[in-house]
Amino acid sequence: GDGQNLVTEDVTVVEGEVATISCRVKNSDDSVIQLLNPNRQTIYFKDFRPLKDSRFQLVNFSNSELRVSLTNVSVSDEGRYFCQLYTDPPQEIYTTMTVLVPPRNLVIDIQKDIATEGEEIELNCTAMASRPATKIRWFKGNKELRGKSEVEQWSDMFTVTSQLLLTVGREDDGVPVICLVDHPAVKDLQTQRYLEVIYKPQVRVLQNYPLQGLTREGEPLELTCTAFGKPQPTEVKWLRVDDEMPQHVVVSGSNLLINNLNKTDNGTYRCEASNAVGKSSADYMLFVYDPPTTIPPPTTTTTTTTPTTITDSRAGDEGSIRAVDHAVIGGVVAVVVFAMLCLLIILGRYFARHKGTYFTHEAKGADDAADADTAIINAEGGQNNSEEKKEYFI
């Protein structure tokens with residue numbers, strides 16, 4: 001309490017480790033210091049040990065301090081230890097030793113070693129014989145999950161069991177579920193189990209040829225069906241929805257080939273794959289266009305559904321048609337401009353060659369002629385003073 005000349009601190013120690021108890025005197029007056037156990041038996045009197053327990057060892061003794069170590073601490077050593085100073089009146093103060101016990105075992109028990117996609121499974125993690133009670137935390141990968149814990153006490157020990165309910169998907173296959181202990185006596189104590197999840201196939205249809213562009217009459221079409229699941233699909237087959245498969249279609253395993261397309265091939269082709277979990281499918285919608293001389297109308301793009309996926313051979317037609325329209329318009333404009341330029345050049349040269357000014361002067365003296373014959377003679381240059389008609393070309 002206040003005014004005491006003795007000083008000490010509480011001690012917390014992990015079972016099996018070493019604890020140190022210190023009794024110190026603020027203002028030493030050469031008074032005797034002694035240390036007593038929870039049963040008030042004297043452990044040390046000054047530097048002498050009356051108690052026959054060799055686990056207690058003297059660390060330091062002076063007029064101002066008595067420091068004692070206790071090795072291989074057990075739960076039975078827990079309690080109050082008393083420091084006494086023989087003054088007048090005597091002084092006494094106590095320190096409390098707390099012993100921590102880490103969990104003995106950490107075990108994950110999983111309800112099913114192999115789970116099916118969409119199934120809810122139960123996992124239990126048990127931390128046995130700890131002190132104080134352990135807090136258990138769950139993680140799936142890096143994501144923390146919430147479990148439900150129950151605590152049982154046996155004597156001075158606690159056993160904790162945490163239950164986790166988990167609905168698994170295909171993305172959880174191979175992911176670790178971690179049970180981690182949060183306890184003051186231990187750090188980074190954890191255990192884990194890897195999930196194994198089986199799931200039905202995931203199916204896709206890939207168009208190998210033509211890689212891009214339209215599916216046209218007379219051209220080949222090659223499709224490949226890819227299927228992945230756990231376990232790996234045992235059967236992959238092709239069929240034509242709502243119709244029989246054309247006789248000229250060649251199916252080889254997961255591949256479908258039509259060497260010479262015609263419009264009777266139009267329809268939906270389905271690839272189905274199955275394993276022990278279930279069956280899935282993917283659809284390919286085929287639309288056969290006229291040969292390249294004909295520009296096809298715009299159509300819809302690819303459609304995808306679950307679990308059946310649909311691929312449309314008309315995907316991308318709108319972009320192809322737009323590209324063709326732009327090319328045709330550009331060519332027509334270029335031809336028109338070129339024709340107009342040629343016409344302007346021809347007209348320019350024509351007018352340049354035929355443009356001119358004409359000056360005509362009739363022979364003088366024709367008015368004075370007595371008759372028409374004389375006038376003609378005068379006009380043809382019969383008189384000396386008449387001028388010839390001249391032309392000037394520009």
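Which residue in β8 does Gln-34 stand opposite? The legends below, drawn from a predicted model, take up this pairing and the sheet around it.

**View 1. Strand β4 beside strand β8.** Gln-34 stands opposite Gln-84 in β8. Strand β4 covers residues 33-36, and 4 bridges link β4 to β8 in the antiparallel sense.

**View 2. The hairpin of strands β8 and β9.** Strand β8, made up of residues 79-85, runs antiparallel to β9, and the two are joined by 7 bridges. Cys-83 has Ile-93 in β9 as its bridge partner. Between the two strands of this hairpin lie 5 residues.

**View 3. Strand β2 alongside strand β9.** Here the pairing is parallel: β2 (residues 11-14) and β9 (residues 91-100) share 4 bridges. The bridge partner of Val-13 is Val-99 in β9. Strand β9 thus appears in two views, as the parallel partner of β2 and as the antiparallel partner of β8.

**View 4. The sheet as a whole.** The strands follow the order β2-β9-β8-β4-β5 in an open sheet of 5 strands, in which the pairing is mixed. Strands β2 and β5, the latter spanning 42-45, form the edges, and each of them pairs on one side only. From one strand to the next, the twist averages 20 degrees. Strands of a sheet pair through backbone hydrogen bonds, in either a parallel or an antiparallel manner. Within this sheet, the parallel sense is found between β2 and β9, whereas β8 and β9 run antiparallel, and β4 and β8 also pair in the antiparallel sense.

Definitions and conventions: Residues are numbered from 1 along each chain as its sequence is written. This is a predicted model: local features need pLDDT of at least 70, side-chain atom pairs count only at pLDDT 80 or more; totals for chains, interfaces and linings use all residues. Side-chain values use heavy atoms; hydrogens and water are left out. Two strands pair if DSSP finds at least two bridges between them. Axes are lines fitted to C-alpha atoms, for helices over the stretch in contact, and angles run from 0 to 180 degrees between N-to-C directions.
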